[in-house]
Amino acid sequence: QVQLVESGGGLVQAGGSLRLSCAASGSGFSINAMAWYRQPPGKQREFVARITSGGSTYYADSVKGRFTISRDNAKNTVYLQMNSPKPGDTAVYYCFAETTRYPDGSNSNYWGQGTQVFVSS
């Protein structure tokens, strides 16, 4: 079993910056890709950014150029640097991990519990 714990959410002013972290813990697994999703108030969960084990990154058009995803493989941690956030970025942000379990090689996906980000105008 893998646990994902997010941190770093809170209140930020539009145009400021905020960094989210997500640490994965457990044993007998390796992490492949990690990603961030978000769920704005009253809306469905949506993709924000993804980073592969090799460091390739992908972003939703709405955050491209403002948010940066990165990871520390040694710490099994993924980050989301949010620069110049807008009120429309207000949402619960969820960490997501694609893992491979050893020794059977099975793949499993996990979600964090979410962290609230509120961007004030």
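Here is a short walk through a four-stranded sheet and one loop residue in a predicted model.

**The sheet.** Start by selecting the strands in the order S1-S3-S8-S7: they make up an open sheet of four strands with antiparallel pairing. At its edges you'll find S1 (3-7) and S7 (67-72), each of which pairs on one side only. Turn the view to look along the strands, and you can follow a twist that averages 15 degrees from one strand to the next.

**S3 against S8.** Next, pick residues 17-25 (S3) and 77-83 (S8); these run antiparallel and are joined by seven bridges. Click serine 21 and look across to its bridge partner in S8, tyrosine 79. Then go to alanine 23, which has threonine 77 of S8 opposite.

**S8 itself.** Keep S8 selected and bring back the rest of the model. Five of the seven residues of this strand are buried, so S8 is largely enclosed by the rest of the structure.

**S7 and the hairpin.** Now add S7, which pairs with S8 in the antiparallel sense over six bridges. Isoleucine 69 is a good one to click here, with leucine 80 of S8 standing opposite. Follow the chain round the hairpin of S7 and S8, where four residues sit between the strands, and stop at asparagine 76: its phi is positive, near 50 degrees.

**Last stop: threonine 52.** Jump to the loop between S5 (46-51) and S6 (57-59), where you'll find threonine 52. Is this residue buried or exposed? Threonine 52 counts as buried because its relative accessibility is 18%, and the cut-off for buried is under 20%. Show its neighbours too: leaving aside residues up to four places away in sequence, threonine 52 touches Asn32, Ala33, Tyr58 and Arg71.

Terms used:
Residues are numbered from 1 along each chain as its sequence is written. This is a predicted model: local features need pLDDT of at least 70, side-chain atom pairs count only at pLDDT 80 or more; totals for chains, interfaces and linings use all residues. Side-chain values use heavy atoms; hydrogens and water are left out. Two strands pair if DSSP finds at least two bridges between them. Helices (H or I, at least four residues) and strands (E, at least two) are DSSP runs, numbered from the N terminus. Axes are lines fitted to C-alpha atoms, for helices over the stretch in contact, and angles run from 0 to 180 degrees between N-to-C directions. Buried means under 20% relative accessible area, exposed over 50%, partly exposed in between (1.4 Å probe, protein chains only). Contact means heavy atoms within 4.5 Å.
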